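Me: Hi! I have a protein model open and would like to walk through it with you. Can we begin with a single residue and work outwards?

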Amino acid sequence: MVCTEYEAFFEKLIFQVKESKDVTLAPVFLHPHVSTLRKLCKDKTIIVVPSSEKKLKSRGFDALALFYQALGNPLLYPFEKDDVKQSQRNATMRSRIKNHIRLVHPELIEGKDIVLLDDVCTTGYRLKPVSI
């Protein structure tokens, strides 16, 4: 896992990209990690944690696609997400995010070695590998 410690400065910058539509800032976050991530993602199926349809429409762009375009891999979206805002939820409610994300295109990932990408891990819970 490649992470940068989540602090107020990065929170502000991510918000600037996602909510203020400052799309030119998006490549900055991944820049120091591009080489490492390209190696980790080589020959793997790249999937992203989705934004809700409502959020995508209101923004007018896919922030994660902008954050990760430097990898050069196609990004797949086998999941869909309800319109829930994790940052406005407490830890208990965040732990229940699985109730708001559904696998709607399992054929995109069946039997494949995948890398799951997101911009922020807000739950503090560890992801568990699952075979499909």
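Me: Which residues does K18 touch, not counting those up to four places away in sequence?
Reply: In this predicted model, K18 touches R59, F61, A63, F67 and D119.

Me: And where is K18 placed?
Reply: K18 sits in helix α1.

Me: Buried or exposed, what does K18 count as?
Reply: Buried. The cut-off for that is under 20% relative accessible area, and K18 has 17% relative accessibility, so K18 counts as buried.

Me: Which other residues of α1 are buried?
Reply: Along with K18, the buried residues of α1 are L13, I14 and V17. They sit on the same side of α1, because they cover an arc of only 130° around the axis. On the other side of the helix, A8 and K12 are exposed.

Me: What covers the buried residues of α1?
Reply: The cover includes α2, α4 (residues 53-59) and α5.

Me: OK, how about α3? Which of its residues are buried?
Reply: In α3 the buried residues are V34, L37 and C41. These cover an arc of only 70° around the axis, so they lie on the same side of α3. Their cover includes α2, β1 and β5.

Me: What follows α3?
Reply: That would be D43, which has a positive phi, near 60°.

Me: Let me zoom out. How many helices and strands does the protein chain have?
Reply: The chain has 6 helices and 5 strands. Going along the sequence, you meet them in the pattern α-α-α-β-α-α-β-β-α-β-β.

Me: In what order do the strands of the open sheet come?
Reply: The order is β2-β1-β5, so to speak a row of 3 strands, and the pairing is parallel. β2 and β5 are the edge strands, each pairing on one side only.

Me: What holds strands of a sheet together in general?
Reply: Strands of a sheet pair through backbone hydrogen bonds, and the pairing can be parallel or antiparallel.

Me: Back to this sheet: over how many bridges do β1 and β5 pair?
Reply: They pair over 4 bridges, in the parallel sense. Two examples you can look up: T45 has I114 in β5 as its bridge partner, and I47 has L116 in β5.

Me: Which residues of β5 are on its covered face?
Reply: V115 and L117 are on the covered face, while I114 and L116 are on the uncovered one. In a regular strand the side chains alternate between the two faces of the sheet.

Me: Now the inside. Which residues touch the most other members of the largest nonpolar core?
Reply: Those are F29, F67, Y68, L71 and L117, in a core of 22 residues. The elements giving two or more residues to this core are α1 (8-18), α2 (27-30), α3 (34-41), β1 (45-48), α5 (63-68) and β5 (114-117).

Me: Which element gives the most to this core?
Reply: That is α5, with 5 residues.

Me: Y68 was on your list. What is Y68 in contact with, leaving aside neighbours within four places in sequence?
Reply: Y68 is in contact with L30, L75, L117, D118 and D119. You have met D119 already, since K18 touches D119 too.

Me: Changing topic: where is I97?
Reply: I97 is in the loop between α6 and β4 (101-103). With a relative accessible area of 16%, I97 is buried. If you want a distance to try in your viewer, the C-alpha atoms of I97 and D82 are separated by 9.4 Å, and these two residues are 15 residues apart along the chain.

Me: What share of the protein chain is made up of buried residues?
Reply: Buried residues make up 30% of the 132 residues. The accessible surface comes to about 9100 Å², with 55% of that belonging to carbon and sulfur atoms.

Me: Last one. What is the mean pLDDT of the chain?
Reply: The mean is 81, and 83% of the residues reach 70 or more. Among the elements, helix α6 (residues 91-94) has the lowest mean, 70, and strand β2 (residues 75-76) has the highest, 91.

Methods
Residues numbered from 1 in each chain as written. Predicted model: local features only at pLDDT ≥ 70, side-chain atom pairs only at ≥ 80, totals over all residues. Heavy atoms only, no water. Buried < 20%, exposed > 50% of the residue type's maximum accessible area, 1.4 Å probe, protein only. Areas by Shrake-Rupley, 256 points an atom, 1.4 Å probe, with all protein chains shown as cover. Core = buried A, V, L, I, M, F, W, Y, C linked by side-chain atoms within 4.5 Å. Contact = heavy atoms within 4.5 Å. pLDDT = per-residue confidence, 0-100. Arc of directions from axis to C-beta. Pairing = 2+ DSSP bridges.
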